[in-house]
Amino acid sequence: YPDIAHFHTLRVNMPSGWFYTSKALRTVCDIWDRHGSGLTNMHGSTGDIILLGTTTPELQPTFDDLSDHGFDLGGSGSALRTPSACVGPARCEWSCYDTLNACHSITMEFQDELHRPPWPYKFKFKFSGCANDCVAAIARADLSVIGTWRDDMQVDGDAVREYAESGLDIQKEVASLCPTRAVDYDSGTKQLRIINEDCVRCMHCINVMPKALRPGKDRGATL
C-alpha cells in the first residue's frame, strides 16, 4: 500500500478559547490541502488542531507554510501539551478569572517545553472559568485550573420567587440535588438560603436558576 506508507499527524497550536476568523480556518485548510490529506480533527479532546496524514518529505514544508501564516506547532510526545482554555470572560458570564490570558501566558512562558520534549511523560494544563469545566480540565489535564469564588454566593430573592411561581420545584430540582445540602429552601415563604460554608461551588444551583443565583464577587481559581 504505497499510498499509505507514510501517515504523519501534526498538532497545530490553537488560539485561546478557540476563537478563529473564517479566513484563518480557510488558511489552515488550504495549507493542509497543499501538503497533506486534507483531513482534520478540530480539537477533539486534546485541544490542538489535528492535521491527519502526510508524508515525511512534506513535514518541513507544512511547518514552514504554517509558520509563514502565523501558526505554530502544538505540543506532542513527552512534552508540555498545548494548553487549552474555555471561552472565559469573552463569552461567559460565569467565568471567575481570565482563562484566555492565563492560557496564553502559560503557552508563551513554556515554549521550549512545548517544542522540545524534556520529560519522561506528557503534561497538560487546562483552564476552565468555573466548575462547569467546559474544557474538561478535571478529566483531561494534569494541572486543572478551575474558576471559583471565596465569598458568599449572590442571591436575588425576587428572582427566586419568580422561579417558584413559574412552576420550578426548587426543593426537588435544586435543594435536594445539592451535593453538600448547602441549599436551604422554604417552600412556604419561597425563600432560599445558601449555607456558604458548606458550598463546594459546583454550579448546579446556578445552572438551574441563573437569574436568581450568581457566583460571589471575590473570584479567582483553584488549582
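In this report, Ala, Val, Leu, Ile, Met, Phe, Trp, Tyr, Cys and Pro count as nonpolar, Asp, Glu, Lys and Arg as charged, and the others, Gly among them, as polar. The structure described here is a predicted model.

## Pockets

By these classes, the lining of the largest pocket divides into nine nonpolar, seven polar and one charged residues. The volume of this pocket is about 270 Å³. Its lining is made up of 17 residues, and those nearest the centre of the pocket are Asn-13, Met-14, Pro-15, Ser-16 and His-104. Helix α3 gives the largest share of the lining of the largest pocket, namely four residues. Domain 1 (8–69) and domain 2 (80–149) both contribute lining residues, and the largest pocket therefore lies between them.

The second largest pocket holds about 170 Å³. Its lining consists of His-8, Thr-9, Leu-10, Arg-11, Leu-59, Gln-60, Phe-63, Leu-73, Gly-74 and Ser-76. At least two of these residues come from β1 (9–12), and at least two from α2 (59–68). Four nonpolar, five polar and one charged residues make up the lining of the second largest pocket.

## The cavity

A search of the whole structure yields one cavity of 30 Å³ or more. The largest cavity encloses about 110 Å³ of space. Among the 16 residues that line the largest cavity, Cys-178, Val-183, Cys-199, Cys-202 and Cys-205 are the closest to its centre. Helix α8 (residues 204–208) supplies three residues, the largest share of the lining of the largest cavity. In terms of class, this lining comprises 14 nonpolar residues, one polar residue and one charged residue.

The table below sets out the volumes and linings.

| Space | Volume | Lining by class |
|---|---|---|
| Largest pocket | about 270 Å³ | nine nonpolar, seven polar, one charged |
| Second largest pocket | about 170 Å³ | four nonpolar, five polar, one charged |
| Largest cavity | about 110 Å³ | 14 nonpolar, one polar, one charged |

## Aromatic residues

A pair of aromatic rings is described by the distance of the centres and the angle of the planes. Four aromatic pairs are present in the structure. In one of them, the ring centres of Phe-110 and Phe-125 are 6.3 Å apart and the planes meet at 20°, so the pair is stacked. Phe-110 belongs to the loop between α3 (99–109) and α4 (111–115), whereas Phe-125 belongs to strand β5 (residues 125–128); the pair therefore ties together parts that are 15 residues apart in sequence. Phe-110 counts as partly exposed because its relative accessibility is 28%, while Phe-125, with a relative accessible area of 12%, is buried.

Phe-125 also pairs with Phe-127: the ring centres are 6.2 Å apart and the planes lie at 5°, so this pair is stacked. Both of these residues, Phe-125 and Phe-127, are buried. One aromatic cluster is formed by Phe-110, Trp-119, Phe-123, Phe-125 and Phe-127.

## Ser-128

Strand β5 also contains Ser-128. With a relative accessible area of 1%, Ser-128 is buried, because buried means under 20%. Leaving aside residues up to four places away in sequence, Ser-128 touches Cys-86, Tyr-97, Thr-99, Asp-133, Cys-134, Val-135, Ala-136, Ala-137, Val-145, Ile-146 and Gly-147.

Technical notes:
Residues numbered from 1 in each chain as written. Predicted model: local features only at pLDDT ≥ 70, side-chain atom pairs only at ≥ 80, totals over all residues. Heavy atoms only, no water. 1 Å grid on protein atoms, 1.4 Å probe; cavity = no way out; pocket = protein on both sides within 12 Å on 5 of 7 lines; lining within 4 Å. Points joined across faces, edges and corners; volume = space filled by probe spheres on them. Phe/Tyr/Trp six-rings, centres within 6.5 Å; stacked < 30°, edge-to-face > 60°. Buried < 20%, exposed > 50% of the residue type's maximum accessible area, 1.4 Å probe, protein only. Domains from an automatic or database assignment. Contact = heavy atoms within 4.5 Å.
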